[in-house]
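Me: I'm new to reading protein structures. Please take one small spot, look at it closely, and then work outwards so that I can see how it sits in the rest.

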Amino acid sequence: MLLGLDLGTEGARVGAFTTDGVALGSVHRPYRTTFPRAGWAEQDPQDWWASLVDASRTLLATPACRAAGPVVAVASATTASTVAVLDADGVPLRPAILWMDSRASPQADRTATFAAEHPILAWSGGSDASEWLLPKAMWLKEHQPETYDRAARIVEAVDYLTFRLTGRWVGSQMNAVCKYNYDGLEGAFPTALYAALGMADLVPKLPDEILPVGSVVGALTATAAAELGVVGEPPVCIGGIDAHVSLLACGSPAGVVSLVSGTSSAIVAEVEDPVTTTEVWGPYPHALRTSRWLVEGGQVTSGSVLKWTGENLMGVARENLSTLVAGAAAVDPGAHGIRALDTFMGNRTPYRDARLRGAVVGLTLGTTREELYRAAIEAVACGTRGVIDSFVRAGVACDRLVFSGGIEKNPLWQQISVDVLGREAEIVAGDNLTLRACAVVGAAGAGLVRDLDEGAAAYAPTTRTLTPDPAHHEVYRQTYDDYVGLLAALTPIMHESVDRLARR
């Protein structure tokens with residue numbers, strides 16, 4: 001078997017595949033997120049490991065896995081920009097700062113002032129984002145200096161997981177290049193940039209070695225194997241960012257855009273030659289395939305907006321959401337008159353603004369919950385279109401759109417997305433692209449395939465086509481224009497409100 005480990009926003013998922021790519025099953029175990037202040041989000045790394053252990057032991061005890069043979073490789077992927085602060089033994093010194101946490105917005109803005117002096121920032125559109133490791137480490141040093149000084153390691157979640165699996169501090173080149181400015185061409189940390197930002201002492205706290213996706217870190221330790229329920233000590237292979245590695249499960253990279261839409265939406269593509277853009281992140285060299293450049297866009301909140309609207313605001317239990325979705329599907333998109341913004345925790349791209357917040361306008365005393373829920377989905381779809389449009393403006397080929405993730409469970413979200421985009425897309429049917437990509441990574445590391453490209457072709461998932469409704473697309477042209485206009489009108493008010501709260 002090939003074993004894939006995925007740390008998501010809401011929980012850990014472990015999946016198993018045969019060596020020819022047949023899925024044997026997966027198990028999910030949740031963990032808790034806390035929100036200590038507005039714009040903050042934190043998790044306990046010990047919860048990550050406990051959930052992985054429970055999920056792995058449960059999965060490997062199933063009849064399908066017990067009959068499949070031994071684990072021949074382990075690979076992992078996690079949310080990006082979730083930053084763990086640890087002592088030398090990997091014990092957390094404080095809760096991990098989750099990717100969606102926007103507290104480091106001032107520090108991220110500061111990186112932009114060094115763009116001319118440090119060209120490496122061009123690979124991130126001229127500045128770091130508030131989500132990334134470097135701004136978060138800057139925030140920690142400025143606001144919790146005792147903890148920063150005590151920290152032996154400040155690393156991405158995937159790096160923490162690699163340490164728990166192997167006992168080695170080895171980082172994923174994907175995370176390093178995409179999330180803390182590592183130079184993928186030279187194979188070096190940007191020490192001059194760090195020094196300019198007063199962060200020269202960060203380098204010893206980062207992983208000791210950076211390896212490309214698909215590389216073997218070492219054997220699974222006996223301790224980790226016993227906890228996970230794995231027999232033997234198979235090789236552990238470097239994965240990376242959960243949404244980004246999904247490209248490995250989409251077949252040929254040419255013209256493909258992977259849209260992993262769950263709690264958030266990550267939208268990624270690879271190009272042969274670098275493109276110039278300040279709207280999206282990248283192009284990153286040698287982040288996934290070392291022969292290509294990776295371009296990244298996304299939405300900080302997407303499925304989480306729908307969860308908040310249906311479950312938190314309306315009080316609809318998750319098992320009853322299908323009734324709400326069906327009711328919203330019957331709403332005329334041109335008649336409800338509601339416009340909403342999906343920027344509850346800021347905008348990742350193309351606005352790159354952590355101080356944006358959500359909004360709804362057009363409510364009346366006659367507004368129904370079905371209308372409001374539909375408007376929330378329309379807002380999320382408009383955010384997706386904004387990212388795809390920015391890809392097109394940058395010259396990124398968007399010939400084949402592949403949706404995966406939580407969106408698979410919501411048919412209305414799927415349909416409204418393609419209606420707003422006005423183009424066909426594929427959706428992965430009954431499969432988890434991140435776990436499947438981990439199988440590709442494990443197969444490459446174990447030598448079962450020649451390289452990641454061969455693995456991607458061999459392990460491609462089954463998809464079905466989503467077709468837009470031409471009449472609805474015409475309506476949504478105006479909806480999207482209103483979305484852009486509303487965002488522009490409310491941005492100054494949002495900024496003032498966020499800044500006021502930060503001063504309290």
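**Starting from one serine**

Reply: Not counting neighbours within four places in sequence, Ser-56 is in contact with Leu-3, Val-14 and Leu-228. Keep in mind as we go that this is a predicted model. Ser-56 itself belongs to helix α1, which runs over residues 45-60. Is Ser-56 buried or exposed? Its relative accessibility is 0%, and anything under 20% is called buried, so Ser-56 counts as buried. Its side chain also has a polar partner: it reaches the backbone oxygen of Leu-228 at 2.7 Å.

Now let's follow the contacts outwards. Val-14 is one of the contacts of Ser-56, and strand β2 covers residues 11-17, so that's our way into a sheet. Which strands make up this sheet, and in what order? There are six, arranged as β3-β2-β1-β5-β12-β11 in an open sheet with mixed pairing. The two edge strands are β3 (23-30) and β11 (216-219); each has a single partner strand, so one side of each has no neighbour in the sheet. On average, neighbouring strands here are turned by 20° against each other, ignoring direction.

Take β2 and β3 as a worked example. They pair in the antiparallel sense over seven bridges. If you want to find one of those in the viewer, go to Arg-13: its bridge partner in β3 is His-28.

Helices pack on this sheet too. One of them is α6 (residues 157-166), which touches β1 (2-7), β5, β11 and β12 (235-241). The direction of α6 makes about 155° with that of β5. Another is α15 (residues 433-445), which touches β1, β2, β3, β5, β11 and β12. For α15, the direction makes about 135° with that of β1.

From β5, you can walk along the chain to an odd little spot. Ser-81 is in the loop between β5 (73-78) and β6 (83-86). Most residues other than glycine have a negative phi. Ser-81 goes the other way, with a positive phi of about 65° even though it isn't a glycine. Its relative accessibility is 0%, so Ser-81 counts as buried.

Just past that loop comes β6, where you can look at where the side chains go. In a regular strand, side chains alternate between the two faces of the sheet. Here Val-83 and Val-85 point one way from β6, Ala-84 and Leu-86 point the other way, and all are buried. β6 pairs with strand β8 (residues 153-156) in the antiparallel sense, over four bridges. Within β8, Arg-153 is the residue opposite Leu-86.

Ser-81 has a parallel elsewhere in the chain. Asn-181 also has a positive phi, near 65°, and it isn't a glycine either. You'll find Asn-181 in the loop between α7 (173-179) and α8 (191-196). With 4% relative accessibility, Asn-181 counts as buried.

Further along there's a second sheet to set beside the one we started from. It has seven strands, in the order β15-β16-β14-β13-β19-β20-β21, and it is open with mixed pairing. At its edges stand β15 and β21 (463-466), each with a single partner strand, so one side of each is left without a neighbour in the sheet. Neighbouring strands in this sheet are turned by 25° against each other on average, again ignoring direction. Inside it, β14 (residues 265-271) and β16 (residues 293-299) pair in the antiparallel sense over seven bridges. For one of those pairings, look at Ala-269, whose bridge partner in β16 is Val-295.

The edge strand β15 has something else to show you. Most peptide bonds are trans. The bond joining Gly-282 and Pro-283 is cis, with omega at about 5°. Pro-283 is in β15 (residues 281-285). Thr-349 and Pro-350 are also joined by a cis peptide bond, with omega at about 5°, but Pro-350 lies in the loop between β17 (339-341) and β18 (359-361).

One last stop is helix α13 (residues 369-394). At 1.5 Å a residue, its 26 residues should span 38 Å, and because its end C-alpha atoms are 38 Å apart, the two agree. Of those 26 residues, 21 are buried, so α13 is mostly covered. Right after α13, Gly-395 takes a positive phi of about 90°.

Terms used. Residues numbered from 1 in each chain as written. Predicted model: local features only at pLDDT ≥ 70, side-chain atom pairs only at ≥ 80, totals over all residues. Heavy atoms only, no water. Buried < 20%, exposed > 50% of the residue type's maximum accessible area, 1.4 Å probe, protein only. Pairing = 2+ DSSP bridges. Axes fitted to C-alpha atoms, helices over the stretch in contact; angles between N-to-C directions. Polar contact = N/O pair within 3.5 Å; in protein donor to acceptor, adjacent residues only side chain to side chain. Contact = heavy atoms within 4.5 Å. Expected span 1.5 Å × (residues − 1).
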